[in-house]
Amino acid sequence: MTVDDRRSDDAPPDEEAVEAAIEEAGENGFNAYVVAREAIEAQFREEQRMAEEADMSLRAPLHEIFTSIQGEALFAGMQQIFIRFCGCDLGCPWCDTLDARVEPPAEVWCQARPGVRGFTIPNPAAVEDVLGVVKRILKHDREHAIHSISLTGGEPLMHPEYVSALAATLRPLELPIMLETNGQRPDDLQKVLGMIDWVAADYKLDSSMGRPMDDAARREFLRLAQYKRVFVKIVLTDQATEEELEEVYAQIAAVDPACPVFLQPVTATAGARPPGGLELIRFRAIAMKRLRDVRVMPQIHKVLGLK
Ligand code: SF4
């Protein structure tokens, strides 16, 4: 390269030429902004269609609907609306939603404002009734403090058609919709993925579950979840080992090394105890060999005395 060549490379770009090039590219359909805008508009139209066509009469067994502070993972500290489903296909020894895993109650307990007496709707709950409760909660939220909606459980993906219809109906409210799931049902995730914004996926450890988990299912789950925004939560008991965590970290890194991962020491129950503080530091340190965003975080709603 000669000195003159370098000068011409370093010269500032001709702005008019750049503008003309963008315009010409746009006319030819290659302008990235045009393409992105068209994709967003198409997505919006599709969401509107899904919301209009959603079967409002579908029903599923719910446990409760209320608003509180999210106590786990990426949205910890944010106020959310929680729609809690009944039933779960796992059976974690530390489960803190045992009420949601027994027979569904005859009525769903709902609370429009924290600290205010609740009311009920019939169970199994119709999509239409749930929408009504969510709107009632939002009506009381004059400060717009509510950040997002959490579809939680139990395991919401045991009712994929209902979750899809409900999420489609909730979308016009313009709050992000997060699915909290045990991360073991990739086929069902596929059915709802188009209607949700965030996936909060658990990665259950064999040691803490006391049995081997379906490795292929959780890998596929995480791969599919990449089509939306996703983060992973790993509940740690005093049974967790470095070896199994190394394996789990490698599986997550193979999908996305930048995926946020939350190491959550179990809140002590009769069936499980958390690791010690030094172990938690070590478990995070070995994660950082492969992953970029790993945080140790307990359940803060328990500290705050909230649901
Ligand atoms: S996946 Fe969640 S709801 Fe199901 S048993 Fe485990 S902790 Fe409980």
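This passage describes the confidence of a predicted model, the strands around β10, and the residues around the ligand.

The structure is a predicted model, and its chain averages a pLDDT of 91, with 92% of the residues scoring at least 70. Over residues 1–10, however, the pLDDT is below 50, and beyond near neighbours in sequence this stretch has 1 contact in the model. Where pLDDT is low, the predicted coordinates should not be read in detail.

Strand β10, which spans residues 229–236, is mostly covered, since 6 of its 8 residues are buried. This strand pairs in the parallel sense with strand β9 (residues 198–202) over 5 bridges, and within that pairing D202 has K233 of β10 as its bridge partner. Strand β10 also pairs in the parallel sense with strand β11 (residues 261–265), again over 5 bridges, and here the bridge partner of V235 is Q264 in β11. Between β10 and β11 the chain passes through helix α9, which covers residues 242–255, and the resulting β-α-β crossover is right-handed.

The ligand is surrounded by residues that come from several places along the sequence, namely C88, L90, G91, C92, C95 and T97, together with G153, G154 and E155, and finally N182. When the residues of this shell are sorted by class, 4 are nonpolar, 5 are polar and 1 is charged.

Definitions and conventions: Residues numbered from 1 in each chain as written. Predicted model: local features only at pLDDT ≥ 70, side-chain atom pairs only at ≥ 80, totals over all residues. Near = placed C-beta within 6 Å. Nonpolar A, V, L, I, M, F, W, Y, C, P; charged D, E, K, R; others polar. Buried ≥ 20, exposed ≤ 12 C-beta atoms within 10 Å, placed from the backbone. Helix = DSSP H or I, 4+ residues; strand = E, 2+ residues; numbered from the N terminus. Pairing = 2+ DSSP bridges. Right-handed = clockwise from strand over helix to strand, strands pointing away. pLDDT = per-residue confidence, 0-100. Contact = placed C-beta atoms within 7 Å.
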